[in-house]
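Okay, hi everyone, thanks for coming. Let me put something up on the screen, and then I'll walk you through it.

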2 protein chains.
Amino acid sequence: MTPVVFAFPGHTGLMRQLQAETGAIAGTLVLHRFPDGESYVRLDTPVAGREAVFVCSLADPDAKLLPLLFAVAAAKDLRAVRAGIVAPYLAYMRQDARFKPGEAISSATVGRLVSGIADWLVTVDPHLHRHASLDAVYAIPSRVVQAAPAIATWIAANVTKPLLVGPDAESGQWVAQVASAANAPCIVLDKTRRGDRDVTVSMPSTERFRDRTPVLVDDIVSTAHTMIAAIVDLRRAGFAAPVCIGVHALFADHAYAELQAAGAARIVTCNTVPHASNAIDVDAAIAAEVGALLGRKAV
Amino acid sequence: MTPVVFAFPGHTGLMRQLQAETGAIAGTLVLHRFPDGESYVRLDTPVAGREAVFVCSLADPDAKLLPLLFAVAAAKDLRAVRAGIVAPYLAYMRQDARFKPGEAISSATVGRLVSGIADWLVTVDPHLHRHASLDAVYAIPSRVVQAAPAIATWIAANVTKPLLVGPDAESGQWVAQVASAANAPCIVLDKTRRGDRDVTVSMPSTERFRDRTPVLVDDIVSTAHTMIAAIVDLRRAGFAAPVCIGVHALFADHAYAELQAAGAARIVTCNTVPHASNAIDVDAAIAAEVGALLGRKAV
């Protein structure tokens, strides 16, 4: 039987890609919040004997994780062959260690909760800093979609003489990958993080690249303070206004306006979290990965 | 070693009772929300070798369940002997069956998630409509604190010639228990529920009780529409303005003001969910149950 895809709000484009790629039917997902704040979930399309796919990006995760797990558990309950999660943005990957005594390692707990309900997981560029792969956090099979090829293609088409810039050491390996695909040079700045909202960036020697357009690339843009500090340092070092690329457009509070005001030539993100800055489409890459996982490709 | 109690915001009274009853030390719980909406939890009191108790009432549950489970998982991780939850109000007990095809049975999923992390659970009057006990939903040991004795004591002290009234059939058995403890007669109304916010109540023949003060008692007061419909019917049948007692004061939106406006002589709730109407203290009963579970009683 053909798979069925249920999309949480904001994912109609990815839903269509998944249908095109896998031949899946579009499921109807009914979501409701009761007056007492509890979430109600109903699958209005039968799942018995089918693969069930649930699409839900997990920005602002506390409000979304329970309804998502209710939906997946319902599909299993109603005898879906398997029920998996496509989370273009996967939350709770940053607290992956105990930085201070007594801290809860939320990534591990979310990994356990999700792995206890869902059969598989597909996501785009999870924040894997200390872990080699998602398998360190999730006990279920998972597949990671790389945004780097789509980002490199966008840069090649839209930026002349780009210089890829990683705003901090964490981004280093990953920015190098984009640079290589875009056939462009690459530098990585040093970041000193003093708190959630207080970040400074230091500048390596970069005179030979001054004629290039700096392209800052980071995986998650939340407060944007890392990128803003990088813009300030790049401008101070005599560079042109940089293009800012984020994979996951979280943009907390006024972060987007602040990043614009800080002198970004352009702000561009992948469409893993719905946002006005989405310009790099990774839906096809996600759909291909889900198709491979389900062992299907639409005709 | 003495147990350690961590209380989420709003539970200082119960924290003190638990300390008095069990000799537990007060733990320091640090809660923080990151700019991207993720929850941060830290236990600033060592738990290794201790019983760890987490107090968190679960009204408006989607925002609270994840941080609570992070805290409990951290305690286990940090080698607490056991880590248990005291949830004076336990959410997600009402969707305990599939009323329409395709519905997620959220009570079962929350039961699985909590049972996979915590070692035990104590709550007050959970909404057990179709299930005989919490064991049908929770795989971990649980204890239920009855609010009925405290409610009966309050009625005996505050209402002359009470007539206990259950607003619907679901409340029947439970209201009868309060009536018996308060040594008062009891009637139960019939409810027809058409939707979340649209409820009517029908009236049995009750002439012989007209000189009594009706005391409506229900376990959960959320929209208060069930109670409001009961007030209307009681007044129409010639009764005095009723006293309204709820165990769990959820009071969605303007429910409290609407219940006052509908002609309640007085609105009184147990202190399982912090609210201005709290007047019936069940903290001592909760602390006694937790003390029994931990096998401790303070000197």
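I'll talk about how the two chains relate, and then about two helices in chain B.

So, a heads-up: this is a predicted model. Now, how do you get chain B onto chain A? You rotate by 180°, with 0.0 Å of shift along the axis, and the RMSD comes out at 0.0 Å. That's the relation of a two-fold axis. And the copies meet through the same surface, because 100% of the interface residues of chain B are also interface residues in chain A.

Okay, helix H3 of chain B, residues 106-115. This one is mostly covered, with eight of its ten residues buried. Among them are Ser106(B), Gly111(B) and Leu113(B). What do the buried residues of H3(B) pack against? From chain A, you've got helix H2 (65-77) and helix H3 (106-115), and from chain B itself, helix H2 (65-77) and strand S6 (82-87).

Next up, helix H5 of chain B, residues 172-182. Here the buried residues are Gly172(B), Trp174(B), Val175(B), Val178(B), Ala179(B) and Ala182(B). They sit on the same side of H5(B), because they cover an arc of only 165° around the axis. Flip to the other side of H5(B), and Gln173(B) and Ser180(B) are exposed.

And what's against the buried residues of H5(B)? In chain B, they pack against helix H4 (148-158) and four strands: S9 (162-166), S10 (186-188), S13 (213-221) and S14 (243-249). One last detail: right after H5(B) comes Asn183(B), with a positive phi, near 55°.

That's my bit, thanks!

Note on methods:
Residues are numbered from 1 along each chain as its sequence is written. Chains are lettered from A and ligands numbered from 1 in the order in which they are written. This is a predicted model: local features need pLDDT of at least 70, side-chain atom pairs count only at pLDDT 80 or more; totals for chains, interfaces and linings use all residues. Side-chain values use heavy atoms; hydrogens and water are left out. Copies are superposed by least squares on the C-alpha atoms of residues with pLDDT of at least 70 in both. Contact means heavy atoms within 4.5 Å. Buried means under 20% relative accessible area, exposed over 50%, partly exposed in between (1.4 Å probe, protein chains only). Helices (H or I, at least four residues) and strands (E, at least two) are DSSP runs, numbered from the N terminus. The arc is that of the directions from the helix axis to the C-beta atoms.
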